[in-house]
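Colleague: Could you take me through this structure feature by feature, giving the general idea before the case at hand?

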Amino acid sequence: MKARLILGRCGPIMALWLLLACWPARAQHVITFMPQWTPQTQFAGYYVAVEKGFYAEEGIDVVIDHFGGSSTESVVEKVNKRKVDIITTQLVSAMIARDKGIKLINVLQTSQVNGLMCATHFPIESPQSLEGARIGRWKAGFAEVCDVFCQRNGLEVEWVPYIQGINLYVSGAVDGLLCYSYSEYLQLVLATGGIPKENIIRFRDYGLDFPEDGLYVTETYYKNNKEMVDKFVRASRRGWDYAREHREETLDICMRVIKEYNVATSRILQKMMLDEVLSLQVNPTTGQADFAPPRQDVFESLKASLTEAGYLKSDINYKEVIR
Amino acid sequence: MSIKKNFASRLSLYVLLLSASLLLVVTILATVFSATFVLNEANVRAEKVLDNTVLEIEKVITEVERAVDNVDWVVQRNVNDEQFLYTVTRELVATNPNIVGSAVAFEPYYFKNRKYFAPFTYSGDISHELHTVQLGNEHYDYPTLDWYQIPKLLGKPYWSEPYYDDGGSGQRISTYSMPLKDEEGKIYGMLTADLSLEWMSDLVTSIKTTPNSYILLIGRNGAYIAHEKKEKVLNETIFTSALEMEDTTAIRIGKNMLAGERGMIHFKNDDDKAFVVYSPLSNGWSIGLVCPYKDIYYYVNLLIIILMVLLILGLLVLFLGSRRIIRKQTSPIVEFGNAAMTIAKGNFNASIPEVKTKDEILQLRNSLDYMQRSINEYIVELKSTTASNERYESELNIGREIQMSMLPQNFPQRGDCSLYAMVQPAKEVGGDLYDFVEVGDSIFFLVGDVSGKGVPAALFMAIARAAFRFIGALGLPISEVMCRVNNCLADGNKNEMFVTMFAGRIDLKTRKMDYCNAGHNPIVVIAPDGKPTYLHAKPNLAAGLFADFPYEEEQIQLEQDTRLILYTDGVTEAEREDKSQYGEDRLLEWASKINSSVTSNAAVLDLYSHVKSFTHGADQNDDITIMSILLK
Amino acid sequence: MNVTINEEGAKALVKLEGRLDTTNADQFMKDITPLMNGAHQEIEMDCTDMEYTSSQGLRMFLMLQKSVSARGAKLVLRNMKPHVKEVFDITGFSHIINIL
């Protein structure tokens, strides 16, 4: 029973049809997984788990359906609408979802360190340097932490929403670009030959070191399919552990997946991304990639920041979100 | 022969080494020069080709820009005519082979309160049929897409970074977007034209200055728009490999190109050296032409290899040829060697080979020839000298023998007289003599010194002795004896040989002595009391020179215990090493020490040893003759 | 012995230097040959530096004297050292050869 990958580019439309078509007939051992972005080594562990048969060993069949940038629904909405079973998303997104009544629970915390950055065309001496700057940010979100930062420092920024890529930056249309250290930042490096250190700001250096990516399911789904979720989590962990130890092989696996989707990228970029993602998975307290769930104090701090920034209205419970 | 071969080989080897070094230097210089020249030529050519390519691309870019520009005012005028807008896009695509898509996209809610309005025409991938659609929906939010948003933010026309137009023509395209501005300058839409980059890809891959040269085209984001290795196109940037390899030169090239610079840089392209000439394009892209040194130097290397091969062959020929020539030129030397060997073995008449050239070898031959003749002459002379020396030697020996045979050894054994004499001959002279005859109670004696040497002197001496013996026995007065002996000797004596003599006759009873001196050294008379004096006799003349010379005799009365010492000048002129002579004084001094009790034998030997100790080992150059007569 | 001959017309001035003994008697003979065979009417020999002569030498002088007398010329030996003259005296040669 091999896992299958479905073309996610042409649409959530196609995926939706497939899912709807198969829904009633969907076997209990099939789980649909949606990574929150296009295929890349950001999700290496999962590809490895498929390829190496870790899911198969657990007795589950995994269908991976990637989120497309042009989708109108977010991954959170998709899982809530049961179009997919399990997703990756950021802790922030899950908390905001909770606030809206979407009961997501965290079943695996992969990211241990925050990777959000801003790269500019000018030197950043202090947060004030960003005052009035025109900065690109993803239309799909992923930048709530940045909003917290701006609010804390009383910054008024002209946000330019975009889908993906770094052309906004290289064309000189914006003063700066939000980027992730494992994604757009690396693309920027490859596009320019290197961004000067003074033109970079990492938000985790300003007290915003909140963990990011993790696996989430709805409470309902979890209640009904606890065993399968546990199996999925277990095998995914194995996948990540294997990826950590076998980088080249992992790269080969990922490149094969990526090639199927015709994504414009290079092996070197994917390698850099893999190394960065794996390093962000190292728990700074223990020095190990132990997939430690977010700590309560961190959770509470994030909750406070988000509430302050206006993203949270209700009081969400740590224990409800973090399993 | 083998030595000869080595010389020719050695010399040839030196010539070879010298030539090789010179040729190597020349070759290196030529190589460096030609390499530099060729590289420069390649540079110039590459730049030309690059510039041509730039022109080609600019032509197309300009065409598209102009096409869009041209419809700008039309669109502005008919902005509310939906149908017209569709037509405009169709026209743009239809009339421009390079334009594969065109759209007029409006700001959300600008056009008739629709969120999205963007008529778009594209040419199908395979069929080239025109399709017109509406862009823009929830899934295609064009206001946030680069081709719309960036020119809007920049406020000016923008060529997008190349991408795959999956939703349209299915080709690699770049979109030229021109902002539509109202009278206040506010942007309300975009007029776009999609330029297909497939032709560009074909163009650039076909451009080569050398077999392995290639063009690379990059966008503003560094991504390859065209590259020899198709898999790199749009997937890799100019920094991808450079960052991986930490190649600072490649990074520099990338940054220069992105900065819109024009130039040339030498770098290492996967271990092969190459140079790249690069130039910016007007739309913000950059194009470069990479020329591997391998290609450029291909012919130069070929030339060098051919040159090297020819060189080695040439040097080989040089080596063998010069060896042969040298061997031939120096063959006379071998023959000289052989001739010299033959001469050395004793064949002094060996012929020395002729030499045709008029150079040092001829000189050598002439020297050798002269040497041979000199040797011959010398040998001939040596032989004759040796022969004459031998004759001379034998003559001397014969002379000596004659001389010695005439010296009586039976000394008188008498009670009234003790007589002893000796002659110690010198090597070369055979001239001294002594003689004595007992006649009753008289004793007749003489001591003489013949001038000259060898057999003639000895014969002369023999005649003198014989004459004396004969004439002396006649009982004539001693002067008469001397006259007759003189006449005998003077007769037929053309060589002017002479003999100095002292002859005497002692009557042992009366102890009276008659004596006649013929040019001889004065004898020593030692009185009984031991006091010695020289007996100064008339010199007369040495005998043998003038016939009829009137010799005069003298008389003297001797006493008992008187000793007479007769000698020749071999005693008084005996020389030691410093050429000082024994002399008459020393003789007298010795004589004063001899006592009458000493026998004549002892006395003679004593004087002899005295003389010998004086000369102290120096060569004896004259006969030493000593006679002692003691009257007892 | 060194024999240096200087001719002044029919007169020969000869300088004798050194020793005359059996070793160089032959050479001396050769040296005075031009005097013996020559037509000099007067031969004057300077014996200032004549150190020694042996009986061989005397012979040479005698032969020279005889040849000179034979052609009616004069031979004079001058400034002879005393010990050399002694030899000429003892042998009675001083009566035959003109020694001054």
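Modeller: What follows is a conversation about confidence, chains, one buried helix, a helix pair, cores and interfaces.

Modeller: This is a predicted model, in which local features need pLDDT of at least 70 and side-chain atom pairs count only at pLDDT 80 or more, while totals for chains, interfaces and linings use all residues. Residues are numbered from 1 along each chain as its sequence is written, and chains are lettered from A and ligands numbered from 1 in the order in which they are written.

Colleague: What is the mean pLDDT of chain A, and over which residues of chain A is the pLDDT below 50?

Modeller: The pLDDT is the predictor's confidence in each residue, on a scale from 0 to 100. Where pLDDT is low, the predicted coordinates should not be read in detail. Chain A has a mean pLDDT of 86, with 90% of its residues at 70 or more. Among its elements, strand E1 (residues 4–6) of chain A has the lowest mean, 46, and helix H2 (residues 44–51) of chain A the highest, 94; over residues 1–10 of chain A the pLDDT is below 50, although this stretch has 25 contacts in the model beyond near neighbours in sequence. A contact here means that the C-beta atoms of two residues, placed from the backbone, lie within 7 Å. Chain C also has a mean of 86, and 100% of its residues reach 70 or more. The model scores ipTM 0.81 and pTM 0.60.

Colleague: How many helices and strands are there in chain A and in chain C?

Modeller: Helices (H or I, at least four residues) and strands (E, at least two) are DSSP runs, numbered from the N terminus. On that basis chain A has 14 helices and 11 strands, whereas chain C has 3 helices and 4 strands, in the order β-β-α-β-α-β-α along the sequence. Among contacts with a separation of 6 or more, residues 24 or more positions apart account for 81% in chain A and 72% in chain C.

Colleague: Why does Leu186(A) count as buried?

Modeller: A residue is buried if 20 or more other C-beta atoms, placed from the backbone, lie within 10 Å of its own, exposed if 12 or fewer, and partly exposed in between. Leu186(A) counts as buried because 22 C-beta neighbours fall inside 10 Å. Leu186(A) lies in helix H8 (residues 184–192) of chain A and, leaving out residues up to four places away in sequence, touches Leu269(A), Met272(A), Met273(A) and Glu276(A). The C-alpha atoms of Leu186(A) and Glu276(A) are 9.4 Å apart, although 90 residues separate the two along the chain.

Colleague: What covers the buried residues of H8(A)?

Modeller: Because 8 of its 9 residues are buried, H8(A) is largely enclosed by the rest of the structure. The cover includes strand E6 (116–120), helix H7 (167–170), strand E9 (176–180) and helix H12 (267–280) of chain A, together with H5 and H6 of chain B. Just after H8(A), Gly193(A) takes a positive phi of about 90°.

Colleague: At what angle do H8(B) and H9(B) pack?

Modeller: Two packed helices are described by the angle between their axes and the distance between the axes. Axes are lines fitted to C-alpha atoms, for helices over the stretch in contact, and angles run from 0 to 180 degrees between N-to-C directions. Helix H8 (residues 331–344) of chain B and helix H9 (residues 360–405) of chain B pack at about 10°, with their axes 11 Å apart. H8(B) and H9(B) are therefore roughly parallel (angles under 35 degrees). Among the residues making this contact are Phe336(B) of H8(B) and Leu368(B) of H9(B).

Colleague: Which residues have the most contacts inside the largest nonpolar core?

Modeller: In soluble globular proteins, nonpolar side chains tend to be buried together. A nonpolar core is a set of buried Ala, Val, Leu, Ile, Met, Phe, Trp, Tyr and Cys residues joined through C-beta atoms within 7 Å. The largest has 172 residues, and those with the most contacts inside it are Leu217(B), Tyr224(B) and Ile225(B). A second, separate core of 97 residues includes Tyr420(B), Met497(B), Leu16(C) and Leu77(C).

Colleague: How many residues of chain B does the contact with chain A take?

Modeller: That contact takes 27 residues from chain B and 24 residues from chain A, and H3(B) gives the most to the chain B side, with 5 residues. The contact between chain B and chain C takes 18 residues from chain B and 15 residues from chain C.

Key. Angles under 35 degrees count as roughly parallel, over 145 as roughly antiparallel, 65 to 115 as roughly perpendicular and the rest as oblique.
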